[in-house]
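Hi everyone, thanks for making time. I'd like to walk you through a structure, so please have a look at it with me.

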Amino acid sequence: MKPKTTPVINPADVEITSSGSASSPRGGHGRRLSRALDLRAMVITVTHRPTGIVLRGEVPEGHYSKDEMRKLKDAVVERLMHKLEQAVAKHLRVPGR
């Protein structure tokens, strides 16, 4: 069993931003087509303010519902936070990391 380690980064020191894109086929006459026909993508940026370390991840372009996009974004953020913690620990030379 691994001993518990204290977190290297304070969540308050992390800024998470996202930028998304969406394109939908022309429906004509102002009618709204199904969201399933839209192509959506998202780029997520995680920044550790004290060290200036920036990591980016993306949700590839695809046909996603709101719930699917939210889950994919959360998965990317979780992966980026793990990588950010490793990068900050290496940058700060935290022993045992």
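I'll start with the overall layout, then go to the sheet, the helix and core, and finally a few single residues.

Before anything else, please keep in mind that this is a predicted model.

So, the layout. You can see one helix and three strands in the chain. If you follow the sequence from the start, the pattern reads β-β-β-α. The chain has 97 residues, and buried ones make up 25% of them. As for the surface, the chain exposes about 7,300 Å², with carbon and sulfur atoms supplying 53% of that. And here is a number on long-range contacts: among the contacts with a separation of 6 or more, 58% are between residues 24 or more positions apart.

Now to the sheet. In general, strands of a sheet pair through backbone hydrogen bonds, and the pairing can be parallel or antiparallel. Which is it here? The three strands form an open sheet in the order β1-β2-β3, and the pairing is antiparallel. That puts β1 and β3 at the edges, each pairing on one side only. From one strand to the next, the twist averages 10°. Between β1 and β2 there are 10 bridges. If you'd like one to find on your screen, take serine 19, whose bridge partner in β2 is valine 43.

Next, the helix. α1 lies across β1, β2 and β3, and it runs at about 155° to β3.

That brings us to the core. Which residues have the most contacts inside the largest nonpolar core? They are Ile44, Val46, Val59 and Leu84, in a core of 14 residues. At least two residues of this core come from each of β2 (39-48), β3 (53-62) and α1 (66-92). The largest share belongs to α1, which gives six residues.

Let's stay with leucine 84 for a moment. Setting aside neighbours within four places in sequence, leucine 84 is in contact with Ile9, Val14, Val46, His48, Ile53 and Leu55. Val46 is another of the residues with the most contacts inside the core.

Now a few single residues, starting with threonine 45 in strand β2. Is threonine 45 buried or exposed? Its relative accessibility is 13%, so threonine 45 counts as buried. Not counting residues up to four places away in sequence, threonine 45 touches Glu15, Ile16 and Thr17, and also Val54, Leu55 and Arg56.

My last stop is a pair. Alanine 22 sits in strand β1, which covers residues 14-23, and arginine 40 is in strand β2. The two are 18 residues apart in sequence, yet from C-alpha to C-alpha they are 4.4 Å apart in space. Leaving out residues up to four places away in sequence, alanine 22 touches Leu39 and Arg40.

How do they compare for burial? Alanine 22 has 51% relative accessibility and therefore counts as exposed, the cut-off being over 50%. Arginine 40, at 15%, counts as buried, because buried means under 20%. Arginine 40 also has a polar partner: its side chain makes a polar contact with the side chain of aspartate 38, at 3.0 Å.

To recap, we have an open antiparallel sheet of three strands, with α1 lying across β1, β2 and β3 and giving the largest share of the nonpolar core. Thanks for listening!

Key:
Residues numbered from 1 in each chain as written. Predicted model: local features only at pLDDT ≥ 70, side-chain atom pairs only at ≥ 80, totals over all residues. Heavy atoms only, no water. Helix = DSSP H or I, 4+ residues; strand = E, 2+ residues; numbered from the N terminus. Buried < 20%, exposed > 50% of the residue type's maximum accessible area, 1.4 Å probe, protein only. Contact = heavy atoms within 4.5 Å. Areas by Shrake-Rupley, 256 points an atom, 1.4 Å probe, with all protein chains shown as cover. Core = buried A, V, L, I, M, F, W, Y, C linked by side-chain atoms within 4.5 Å. Polar contact = N/O pair within 3.5 Å; in protein donor to acceptor, adjacent residues only side chain to side chain. Pairing = 2+ DSSP bridges. Axes fitted to C-alpha atoms, helices over the stretch in contact; angles between N-to-C directions.
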